[in-house]
Amino acid sequence: MMPSYSFLRQAAAGMLPALAAATLLGACQSNSRQPADLLVYNATIYTVDSAFSTAQAFAVKDGRFVAVGTAEEIKAKFQAKQEVDAKGQFIYPGFYDAHCHFYRYALGLRDADLVGTGSWREVVQKLQQQRQQYPQATWLTGRGWDQNDWSNKQFPTKDTLDALFPNIPVFIIRVDGHAALVNQKALDLAGVTARTPISGGTITKDANGRLTGLLVDNAVRLVAGKIPEPTAAEAETALLEAQKRCVAVGLTSLADAGLDKGNIDRMAAMQDAGKLKLRLYAMLAPTKENKDFYLKNGPVFKDRLTVCSFKVYADGALGSRGACLIHPYADRPREIGFLLSSVADFRNLAKELAASKFQMNTHAIGDSSNRLLLDIYGEALKGQKDRRWRIEHAQVVSKTDIPKFGQYGIVPSVQPTHATSDMYWAGERLGAERLKTAYAYNDLRKQYGQVALGSDFPVEDINPLFGFHSAVARQDAKNYPAGGFQMENALSREDALRGMTTWAAHAAFEDKQKGSIRPGMAADFVLLPIDLLKAPKETLRTAQVQQTWIAGERVFLLKN
């Protein structure tokens, strides 16, 4: 039997107060939700906090994480202007390259790319192509060649360059940045002759005393200093292109090693203008001008810029035999490499910086330079174990010196892809026994408790996942060697992720601002389609970053 219309009207009337109450309650609940700028959910989030915990969602406000938890918790508590469904992907803190040369990389984008060339002939062909493409250029420059990759592993000479390019100066720098080949035109412009004095480097000559065009370490500067600086517009264009490439591989923070005040001021102005989104930890070159300004005015700690360290070169590179060794090179029994400054200079600078608020970050490759600088650090710091002074590379360190990283509180800042790039020929330089003390990343981690990971780009590729793979698998892009290179010094996946996030931030005194996904930290994060902690090691290098965010702003989105 159908109810009467009057009954329905009465029932509806009775329901109105309840409906009104429910609507009011919903409105109150909505109004009680806190405002946020961004809410990300439906993800596996590796927070890289102290417990290495995972979560499913987080909220961002004013460029910082404000809450991390389950999707239900975050959605119930926050009402965001923007919501992002991660669609089950994996989220990590923004990747931090703890040692690179961003400014140099940017300007080098206009050079001939000689990385991976398989012969001197191929190098020359690329230079000819570069000259045809840029006929108005006043210098012909290139970077990235490595004679160790050629069947004939001898260093080239300038003869071919003189014949092909007699009227334009040529300057091509080796992959490690510590050796360059130049032609006679470049030598003439720089005033370099067989009699030019040099300390901490080599102006190479043949058996007849004639210049070969090969310059090593400090000698490189004699010619490099004559290459014209880019205009402000050229530099900005290059920096923006370099940034585009960095965020595409998940980089949100960079430690740029060895800058002048002018370089820093240029990038800081671009940050202030909202053009340069990347966060920078700038290591200063220890020039008189830099020291006069920064030691007087003190460190700089801004949201996206940190300047609190000086980058020092103790020696050169292993590939060009400029690394300073305790015992001679296995393949050159009369050579031990060399220091790039005097012991007194290193000791005086350490004393000066110990009296300041700045870190001392020293490039040290050979076991002799590592021993010297570790001892100088210990003398200067006098037991101060949280000054976070750093050894950059720490490439060959004797067993007796490794404990000094823990003893003196010295941060090991290393580049895992150096091990997998050098492993083909490092044994020839060092010999089998000494090779065992090289690229000892896990041994260094045990001493200090942390290890900061970088790439040293453009010496190596900018992609941080290459470094992650090298750190955990100790293999190169070919997954060589089977079983890994000196696996006793591989890092765990957890430690490798820490090394390129929170430990890198620690090495820069930034660990209270970034490096992990937790409330109060900068909202820098990366989305990847794979689980770096569990995925087969063969897939680690090929994973493509899907999105990169800096301060809650998406700066990269992969276009499918």
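Start by selecting the open sheet of six strands, whose order is 9-10-11-12-14-13 with mixed pairing. Strands here are DSSP runs of E with at least two residues and helices are runs of H or I with at least four, numbered from the N terminus; two strands count as paired if DSSP finds at least two bridges between them. Look at the edges: strand 9 (112-113) and strand 13 (201-205) each have a single partner strand, so one side of each is left without a neighbour in the sheet.

Now add helix 4 (residues 120-133), which packs on this sheet and touches strand 9, strand 10 (140-145), strand 11 and strand 12. The direction of helix 4 makes about 145° with that of strand 10. That angle runs from 0 to 180 degrees between N-to-C directions, with axes fitted to C-alpha atoms, for helices over the stretch in contact. Inside the sheet, strand 11 (residues 170-174) and strand 12 (residues 179-182) run antiparallel and are joined by three bridges. Pick Ile173 and you'll find its bridge partner, Ala180, in strand 12.

**Zoom out**

Before going further, a word on what you're looking at. This is a predicted model, in which local features need pLDDT of at least 70 and side-chain atom pairs count only at pLDDT 80 or more, while totals for chains, interfaces and linings use all residues. Residues are numbered from 1 along each chain as its sequence is written, and side-chain values use heavy atoms, leaving out hydrogens and water.

Colour by pLDDT, the predictor's confidence in each residue from 0 to 100. The protein chain averages 93, and 94% of the residues score at least 70. Then select residues 1-30, where pLDDT stays under 50 and the model has two contacts beyond four places in sequence; a contact means heavy atoms within 4.5 Å. Where pLDDT is low, the predicted coordinates should not be read in detail.

With everything shown, the C-alpha trace spans about 120 × 55 × 55 Å along its principal axes. The chain has 20 helices and 25 strands. Of its 560 residues, 57% count as buried, where buried means under 20% relative accessible area, exposed over 50% and partly exposed in between (1.4 Å probe, protein chains only). Among contacts with a separation of 6 or more, 73% come from residues 24 or more positions apart.

**The four-stranded sheet**

Next, go to the open sheet with the order 5-4-1-6, again with mixed pairing. Strand 5 (64-69) and strand 6 (78-85) are at the edges with a single partner strand each, so each has one side without a neighbour in the sheet. On average, neighbouring strands here are turned by 25° against each other, direction ignored. Strand 1 (residues 34-41) pairs with strand 4 (residues 57-61) in the antiparallel sense over three bridges, and Leu39 has Ala59 in strand 4 as its bridge partner.

Select Thr47 next, in the loop between strand 2 (44-46) and strand 3 (54-55). Is Thr47 buried or exposed? Thr47 is buried, with a relative accessible area of 2%. Show its surroundings: not counting residues up to four places away in sequence, Thr47 touches Phe52, Ser53, Ala55, Val68, Pro93, Ser516 and Ile517.

**Strand 23 and helix 18**

Move to strand 23 (residues 525-528), which is covered on both faces: Phe525 and Leu527 are buried on one side, Val526 and Leu528 on the other. Strand 7 (residues 90-93) runs antiparallel to strand 23 and is joined to it by four bridges, with Tyr92 partnering Val526. Strand 24 is also antiparallel to strand 23, through three bridges, and here Leu527 stands opposite Gln547.

Helix 18 (residues 464-473) has nine of its 10 residues buried, so it is largely enclosed by the rest of the structure. Its buried residues pack against strand 8 (95-100), strand 15, helix 14 (416-422), helix 19 (493-499) and strand 23.

**Last stop: helix 8**

Finish with helix 8, where Ala235, Ala238, Leu239, Ala242, Gln243, Cys246 and Val247 are buried. They cover an arc of only 160° around the axis, which puts them on the same side of helix 8; the arc is that of the directions from the helix axis to the C-beta atoms. Turn the view round, and the face away from the buried side carries the exposed residues Ala233, Thr237 and Lys244. Covering the buried residues are, among others, helix 3 (102-108), strand 15 (251-259), helix 9 (261-272), strand 24 (547-550) and strand 25 (553-557).
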